[in-house]
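Me: Could you take a close look at one part of this structure for me, the pocket and the cysteines around there? I'm new to this, so please spell out the terms as you go.

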Amino acid sequence: MTNDNAIMHRCEALGQEAAAKGEAPVGAVIVQNGVVISEAQEASKSKRDITCHAEIEVIRLATQKLNSRVLADCDLYTTHEPCVMCSYVIRFHRIKRVVYKYTSDYLGGDTSSMPVLTTWDVPSHWSKPPAIERWNAPGG
């Protein structure tokens, strides 16, 4: 079993590993029923592919491992607020909960003028918005 603090600390470690490689310092983890399913770090520069944000990478791994495009019983943890691109992918795969630490200065899927992560103004086949939690370290 896992808890939010342990998972977010793992995300931070993944983000530090990404930064050491010259990537943005973003790490992400997907948990299903308290079990870690996948983890990933930012890889846009090394893979020369803007879609290789940590959140999308971790979703790719989870869908492969679970052999399903539906992740409705999964939580996604990430160091940074998912951007609008990642938010679209999160909604498409029906992730039930997103926990992040840092807000995005631009184009965040939760806090920007394009709240793809939280809006109900989407196509009818989309899932409802996931639960969103801004993680704060205990005592912080």
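Reply: Here's a walk through the pocket, then the cysteines, then a serine.

First, some ground rules: this is a predicted model, where local features need pLDDT of at least 70 and side-chain atom pairs count only at pLDDT 80 or more, while totals for chains, interfaces and linings use all residues. Residues are numbered from 1 along each chain as its sequence is written, and side-chain values use heavy atoms, with hydrogens and water left out.

Now the pocket. Rolling a probe the size of a water molecule over the atoms shows where empty space is left. On a 1 Å grid over the protein atoms alone, a pocket is an open set of points where a 1.4 Å probe fits, with protein on both sides within 12 Å along at least five of seven lines. The largest one has a volume of about 220 Å³, where volume is the space filled by probe spheres set on the points, joined across faces, edges and corners. Its lining residues (those with an atom within 4 Å of a point) include His53, His80, Glu81, Pro82, Cys83 and Cys86. Sorted by class, the lining has five nonpolar, three polar and three charged residues. In that sorting, Ala, Val, Leu, Ile, Met, Phe, Trp, Tyr, Cys and Pro are nonpolar, Asp, Glu, Lys and Arg are charged, and the others, Gly among them, are polar.

So what about those cysteines? A disulfide is a covalent bond between the sulfur atoms of two cysteines; here the test is a pair of those sulfurs within 2.5 Å. The whole structure has zero disulfides. For Cys83, the closest cysteine sulfur is in Cys86, and 3.7 Å is too far for a bond. Cys11 also has Cys86 as its closest partner, but at 13 Å, again too far. Cys83 is buried at 17% relative accessible area, and Cys11 is buried too, at 0% (buried means under 20%, exposed over 50%, partly exposed in between, with a 1.4 Å probe and protein chains only).

Glu81 from the lining also leads us to Ser112, which touches Glu81, Val84 and Leu107, leaving aside residues up to four places away in sequence. Touching means contact, with heavy atoms within 4.5 Å. The side chain of Ser112 has a polar atom 2.6 Å from the backbone oxygen of Gly108, and the Ser112 side chain also reaches the backbone nitrogen of Met114 at 3.0 Å.

Methods:
Polar contact = N/O pair within 3.5 Å; in protein donor to acceptor, adjacent residues only side chain to side chain.
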